[in-house]
Amino acid sequence: MIKLENITKSYGGITAVKALSVEVKEGEFVVLLGPSGCGKTTTLKMINRLIAPTSGRIYVEEQDISTVNPIELRRQIGYVIQRIGLLPHMTISDNIALVPRLKGWSKDKRIKRADELLDMVGLDPETYRDKYPHQLSGGERQRIGVARALAVDPPILLMDEPFGALDPITRVQLQDEFLKLEEQVKKTVIFVTHDMDEAVRLADRIAIMDDGQLHQYATPMEILKHPADDFVAQFMGGDRFFRQLKLLTVRDVMQVSLRDIPGAQERPEATPSISSECRLDIALEKMLTAGKDQLSVEDERGTPIGILNTECFHAVLSNSSQREEE
């Protein structure tokens, strides 16, 4: 879907991006992760032809984008930025329908599409379509930015730290909602952030960059278990074990089936239970809060199917430690 071949961008004596090669598959959610000034946003802007690479080639759907009209290219790629860039003199409906209007859609079709997208991002069209940007909260404006990017149903979505300016609670809420939205719309997404937890939570694959160079391009779990070098290991931090827990469910690690444990079906009522689909970090928090060393695991019907105990977490930690030694 998107292919970068030896992309370099230099400004005078400064090289912002150095011989970057990355391939993004159709429907993949890829995060560009790294410290400020590492070349993430520059890379995103080159994909959208907001700036031109000094050397190298970028292909979108196997077409060299240097041969494509940049205005037409941008109209086919959704673009969401941290400050959103809503036009203050236009209503929310008109902001969302800006690109459809430029593409010559009829007024009725634009209004219908704006209402569909407002509903999709969880905002009531009757309440929001005639409001102006200054009447919205930061989280609401960010949702409008996402809706506007989806207006003409582009196959690709570029997102430059879209949730970076939000408070932590709103940020997590929008991450959750965007993941649900992505399940519906199935876009190819390239997402820029410097937040490791956000990257691990959202990405199918992560490209870790520093000083314009790519250090590792892999799945979140692969990066957490097998940092490519010292920079990646230091950047991901010493709590990589706990980040792994966010990528695993109880079902992934539960120790045994209760059917194989004599008397397990008659477990005391006081034994806490947890869903097999619960994230492992949440399960650990529940275990610690309850002051227990074991939880009963239940399926979606509430039937006990296994146990989660401290040994399960020890196994994850042991596996992570062994990988580091290797």
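**Group meeting: a helix, a pocket and two buried residues**

Let's start with helix 5. Its buried residues are covered by, among others, helix 3 (92-96), helix 4 (98-102), helix 6 (125-128) and helix 7 (138-149). Keep in mind that this is a predicted model.

Which residues of helix 5 are buried? They are Arg-110, Arg-113, Ala-114, Asp-115, Leu-117 and Leu-118. Look at the numbering as you read that list. An α-helix has 3.6 residues a turn, so residues three or four places apart point the same way.

Now the length. Helix 5 covers residues 107-120, which is 14 residues. At 1.5 Å a residue, the helix should span 20 Å. Its end C-alpha atoms are 20 Å apart, so the two values agree. After the helix comes Gly-122. The phi of Gly-122 is positive, near 80°.

Next, the largest pocket. How much space lies in it? About 460 Å³. Its lining has 20 residues. Nearest the centre are Arg-74, Ile-77, Tyr-79, Val-99 and Arg-148.

Where does the lining come from? Helix 2 (70-75), strand 6 (77-81), helix 4 and helix 7 each give at least two residues. Strand 6 has the largest share, with four residues. You have met two of these elements already: helix 4 and helix 7 are also among those covering the buried residues of helix 5. As for chemistry, the lining has 14 nonpolar residues, three polar and three charged.

Let's move to single residues. First, Gln-216. You will find Gln-216 in strand 10, residues 213-218. Is Gln-216 buried or exposed? Its relative accessible area is 9%, and the cut-off for buried is under 20%, so Gln-216 counts as buried. What does its side chain reach? The backbone nitrogen of Ala-228, at 2.7 Å. Ala-228 is also on the contact list of Gln-216, which leaves aside neighbours within four places in sequence. That list further includes Ile-206, Ala-207, Ile-208, Glu-222 and His-226.

Second, Arg-243. Arg-243 sits in helix 12, residues 240-245. Its relative accessible area is 7%, so by that cut-off of under 20% Arg-243 is buried too. Which residues does Arg-243 touch, not counting those up to four places away in sequence? Met-196, Asp-197, Val-200, Leu-224 and Met-236.

To recap. Helix 5 agrees with its expected span of 20 Å. Strand 6 supplies the largest share of the lining of the largest pocket. Gln-216 is buried, and Arg-243 is buried. Thanks, everyone.

Conventions
Residues are numbered from 1 along each chain as its sequence is written. This is a predicted model: local features need pLDDT of at least 70, side-chain atom pairs count only at pLDDT 80 or more; totals for chains, interfaces and linings use all residues. Side-chain values use heavy atoms; hydrogens and water are left out. Buried means under 20% relative accessible area, exposed over 50%, partly exposed in between (1.4 Å probe, protein chains only). Contact means heavy atoms within 4.5 Å. A polar contact is a pair of N or O atoms within 3.5 Å; within protein, one must be able to donate a hydrogen and the other to accept it, and residues adjacent in sequence count only if both atoms are side-chain atoms. The expected span of a helix is 1.5 Å times one less than its number of residues. On a 1 Å grid over the protein atoms alone, a cavity is a set of points where a 1.4 Å probe fits but cannot get out, and a pocket is an open set with protein on both sides within 12 Å along at least five of seven lines; lining residues have an atom within 4 Å of a point. Grid points are joined across faces, edges and corners, and a volume is the space filled by probe spheres set on the points. Ala, Val, Leu, Ile, Met, Phe, Trp, Tyr, Cys and Pro count as nonpolar, Asp, Glu, Lys and Arg as charged, and the others, Gly among them, as polar.
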